[in-house]
Amino acid sequence: MASVSTQLAPSQRAPSLPARGAILAAAMLTIMAPAIISPSLPAMREVFADTSGADLLVRFALTVTSLAIAVSAPVAGLVADRLGRRPLLVSSLVLYAISGTAGFFVTDLYLLLVTRALLGIAVGAIMTAVSATITDWFDGPRRASFLGLQQAFASLGGVVFLPLAGLLASVSWRAPFWIYLASAGVAALAIRALRQEPPVKRTPASGPSRPRRSGTTGGILGMYALALVATLAFYMAPTQLPFLLSSHGGGPILTGAVIAGSTLSSAIGALAFPALRRRLRPATITTVSIALLGAGWLLVGTADAVAQIAAGLLVGGVGVGFVVPNLNLRLSELAHPHQRGRVLSGLVTGIFLGQFLSPLVVQPLVQSTGIAAAFTWTGIAMAAAAALAPWVIRRTRAAVG
C-alpha cells in the first residue's frame, strides 16, 4: 500500500430512513436501561430482606448495570473501530434482550446482579456503536442535529418505558423485566436496515494531518469528568427519588411517571440543542446546563409537595438534555476520525460511571442529612460550580494559549 495519509469521511450517500430509524430505536434502549427497575426497588428490598446488605444490594441491582457499561465501553470502542459498527450493534442488541429479560426468572439476588452486569455490557456497546455511526454518517450542523435527536430518543425511551415499568411494578416487581424484550425487535430492524448502508470511506488527506491543538487530551479528559459529575447528580432521581416519594405517599406508578417527566424534559432540551449550539459557545452551554441541574435539585430538596418535586425534575432534565449532545459533538470534533469509537466510548464510561457511583457517593449524605437535604446540598454544589465555571474556563484558556 502507498504511504498516503488517510482519514475517515462521512458517507457521500445519506443513510436511508429505515437505517436512521434503527439507530434512533437503539438509542431509546440505552439511558433508561438501568432505571427500568427503579419503580420496583422498594418491593425488591422487601423480597430480599433476608439477604445480608439487601438495602444497598437492591440499589446495586440498578447501578451495577451502569458499572458494567463504564468498564466495558472502552473495549466496545476498540471493537467498533476495528470490526465495524453494525456487527457490534446487532450482537449487543441480542445480548440486551437475553440478559434483560433474565431478571424475570432469577430468584437469587446475587445472580440477578450478574444478569444486570451482562445487560450493562450490552448497553455500553450499543451506545458506542450508535454514537460512532452517527458521526460517520454526518458532518457539521447535520451531525449536531442528529446527535440532538440521539439524546432526545434516549430520553424518550424513559418517557415511554418508565411509566410502563411503574404500571407493571404495581402488579409484580418482576414484570418490568419483560420491557427489555423490545431489544429483539430493534435487532431485527437493525439487521435488515443497516445491511445496505455503505461503509465509511477512507479518502486521501489533502495534506499533512492537522496537528492537534495544545491541551486537546486534557480537554477530552475534562469532558469525561464533567459527564461523570453531571450524571452522578442526575442519577439521584432513579436511585433516591422512589424513597423520597414514598415519604410523600407516592407508589410505583407515581414514581415511574415523575421520573419519566424528567426524561421528557431532557428530550426537549436535546431537541433544542442544535438551535442553542448555533447561538452559544460550547462552554456557555455547559454552564447553563449545570445551572439548570442545580436549580432543579434545589426545587426537589426544598419541596413540600409532589408537584414541586416534579417541577424540579423537569428543570434538571432540561439541563441534562443539553449536556450529553454538547459533549458528544465536541468529542467527535476533537477525535481523529479513525479513533472516534474509542474517544466516544470514553464519554459512555464517564456517564455510566457517574450512574454507578451516585448511590455510593450520595448515601453517606442521605444517612447524615436525609434524602431531601441531600438533593438540596447537591443543588447548591451544582449552582456553585456553574457560577465558577466561567472563571475556570478563562484560566484554562490562558494556561493553554
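User: What percentage of the 401 residues in the protein chain is made up of buried residues?

Analyst: The model is predicted, and the share refers to the 401 residues of the protein chain. A residue counts as buried when its relative accessible area is under 20%. By that cut-off, the buried residues make up 54%.

User: Which helix gives the most to the largest nonpolar core?

Analyst: The largest nonpolar core has 111 residues. Those with the most contacts inside this core are Met44, Leu89, Leu93, Tyr96, Leu241 and Trp297. With 13 residues, the helix that gives the most to this core spans residues 109-137 and is helix α5.

User: Which residues does Leu93 touch, leaving aside those up to four places away in sequence?

Analyst: Leu93 is among the residues with the most contacts inside the largest nonpolar core. A contact requires heavy atoms within 4.5 Å. With residues up to four places away in sequence not counted, Leu93 touches Ala26, Leu29, Ile126, Ser183, Val186, Ala187 and Ala190.

User: How many helices and strands does the protein chain have?

Analyst: Both kinds of element occur in the protein chain. The count is 14 helices and two strands.

User: Where does pLDDT stay under 50?

Analyst: The mean pLDDT of the protein chain is 83, and 89% of its residues reach 70 or more. One stretch under 50 has 21 contacts beyond four places in sequence in the model, and another has 25 such contacts. These stretches are residues 1-9 and residues 201-215.

Key
Residues are numbered from 1 along each chain as its sequence is written. This is a predicted model: local features need pLDDT of at least 70, side-chain atom pairs count only at pLDDT 80 or more; totals for chains, interfaces and linings use all residues. Side-chain values use heavy atoms; hydrogens and water are left out. Helices (H or I, at least four residues) and strands (E, at least two) are DSSP runs, numbered from the N terminus. Buried means under 20% relative accessible area, exposed over 50%, partly exposed in between (1.4 Å probe, protein chains only). pLDDT is the predictor's confidence in each residue, from 0 to 100. A nonpolar core is a set of buried Ala, Val, Leu, Ile, Met, Phe, Trp, Tyr and Cys residues joined through side-chain atoms within 4.5 Å.
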